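Open the model in your viewer and switch on a surface or cavity display. This tour goes through the enclosed spaces and what lines them.

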Amino acid sequence: MRVSLRQVVRHRRRYIGVVLAIAIGVAGFISIITMGQDVKRNFNEDLAFIGGVTIIRTVLEFRPQLPLSEFHPDTVEAIQKIPGVTVASLVGMTRLNFFWKGEPDNLSVVAVDENFWKMRNLTAISGTLFSPQAVKERQRVVVLGKRLAQSLFGTDQVAGRTIEMGHDVYRVTGIVGGLRDINMEKSVFVPLTTAVDRFSRELVRDRMYVRCATWDDVPAVAAAIPQAVKAHQSAKNLVVEVSWENLEHVKKVAFWIEFFIYLAFAATLILGGMGIWNIMMAAVRTRTREIGLKKAMGAEDRDILSQFLTEALCLSLVAAVIGVALGRVLVELLGFWIGMRPPEELFFTCLAISLVFAVVLGVGAGLYPSLQAARMEVVSATRYE
Amino acid sequence: MNSHAILNHNLLLMNTKAAPSPDALIQVANLTKTYHNGAGPIEVLRKVDFAIHLGEMVAVMGPSGSGKSSLLYILGLLQLPTSGSYHWQDTDLLTLSRGQQAEFRRRRLGFVFQACDLLENSTVYENLEFPLIYEGVERQERPPRIQEALQRVNLEHRLYHSSNLLSGGERQRVAVARALVNRPQLILADEPTGQLDRRHGHLVMEHFEEIIAVGDTAVVVVTHDPDIAARCSRVCPMEDGVLCGLR
């Protein structure tokens, strides 16, 4: 072991490229596996919002033969508890008369609960979105869609202004952005509790949006929703809508991205392994006389085999240790960047896997050159020029 | 006395001293070695018989291609003969397994090669340590044995010097010390002075003489230098794979 380590240290310049290749592969593997779930969740969110693929639209459809129905609060609570559901948001829609500059008009009103912004990942373009507290306290506040704000006030600076709907005056808190729906952009958003108080007769809370943690959760959640509804109310007119086509597209894109990332790291590791093989073959060739000499001194085949095998193992283990250190740095950086902290035990599992992998790589790539060295004939080795 | 006169003198000595005896350290009989290549078999050793005793320094002399190095490699168990017998006292060495032969080499034999073969990028200490590592000598026992071997060739002051920085003469003396470090009973030297100037060549031979003077070691030197051969107890001239006139 000491002899092999000495050889590796003495020929470190020869080995540095191979060691770095394996170290990068190991670091990539550790960061992907350790941060994989968190990155995937973030990645899912970004991709999902483009296609809205992790949002399940649940509607109690109007059918003339059935009484008009709404989602009960217990149903909303039960759906929230389905595994894989991040958030469920109850929504009611209606049209209300309103007066603007003395002229009557009507307005599309979307009554939303405190989860709506989170469910659609919406943020304010200006001002603020009304808070859960505003919903709880049934405040008369509204948030405007961008197009509506422009058509009413001709500016985005609308926080603090007022509008009159029905018989009440509402304070505007801000403009919501990121709706990606032209009708929504022309709507006014009111707290659901306030809407129930002020215009419950016109309002039907017949739709619920359910957001899943990842797209992998979507099929299971979509299948569980009817059961959750049936447990609390009639579900005869329940319609569960999922954008299956978009979901498949997004999954395909994600699969290929993931595939190429794994492929890149696998290629790095394979190249590293081939590098070890190649460099050990070269070492055996350049050290042929040394091998012959050692055999003449009484070294057995197994001594030579173990020396070269240990050298290969040292290389891959040193590379793995550097890779683990690099991986740790990457995990910390990624954690800081996406604001998540993976479980420590996952990192240590990866560390153990990396070390086992390094041993397999070292032995696998070093075995053939080491066997070549061990089987070398002493006479031809000592005469090698 | 010129070279030929020395050779004849030694031949005379050998004729009187070289008969196989039961107290011989090694004894070979009917030793042949044949190589095969595309052109057919090449017989490099033909029915070689001889014995070596402790305290002897035997020179094997002959022109290039006469088979003297092949004989040395067979004596060192670095290659096997095609036929014949090779006994170490009562032990038939040719029946040993590859592992047992390696063990025999590290316990009983020491090698000095022509090309001052030291391990590159290693210190003198490391070069001498290898045979002890293979023999399984404890780490704390190694330094005194290495020091002792280096003292015998007057190079103890070079203990931690890099082998790359030694002169040719020093390298060969280190090679002699390495051959001695395991306290072998037979030292096999293949042209040990071949790459040295006259002064350093004789210095190496002086070391061999000191070693055999103790009486517990024998030395076989392959050489084509009559001056070197003249310093040996016996000379075995070889020609075309035949050990001429000696038993």
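How much space lies in the second largest cavity? About 50 Å³. The model is a predicted one, and it holds three cavities of 30 Å³ or more.

**Stop 1: the second largest cavity**

Select B:R145, B:E148, B:A149, B:R152, B:L180, B:V181 and B:R183, which line this cavity. Now colour helix 5 of chain B, residues 142–152. This helix gives the largest share of the lining, four residues. Colour the lining by class next: four residues are charged, three are nonpolar and none is polar.

**Stop 2: the largest cavity**

Move on to the largest cavity, with about 120 Å³ of space. From chain A, select L293, A296 and M297, written A:L293, A:A296 and A:M297 in the lining. From chain B, add B:R105, B:L109, B:G110, B:F111, B:F113, B:P131, B:R178, B:A179 and B:N182.

Which elements each supply at least two residues of this lining? Show helix 11 (288–296) of chain A, then strand 6 (109–112) and helix 6 (168–180) of chain B. Keep strand 6 of chain B highlighted: with three residues, it gives the most to the lining of the largest cavity.

Finish by colouring this second selection by class. The lining of the largest cavity has eight nonpolar residues, along with two polar and two charged ones. Set that beside the lining from Stop 1, with its three nonpolar and four charged residues.

Methods. Residues are numbered from 1 along each chain as its sequence is written. Chains are lettered from A and ligands numbered from 1 in the order in which they are written. This is a predicted model: local features need pLDDT of at least 70, side-chain atom pairs count only at pLDDT 80 or more; totals for chains, interfaces and linings use all residues. Side-chain values use heavy atoms; hydrogens and water are left out. On a 1 Å grid over the protein atoms alone, a cavity is a set of points where a 1.4 Å probe fits but cannot get out, and a pocket is an open set with protein on both sides within 12 Å along at least five of seven lines; lining residues have an atom within 4 Å of a point. Grid points are joined across faces, edges and corners, and a volume is the space filled by probe spheres set on the points. Ala, Val, Leu, Ile, Met, Phe, Trp, Tyr, Cys and Pro count as nonpolar, Asp, Glu, Lys and Arg as charged, and the others, Gly among them, as polar.
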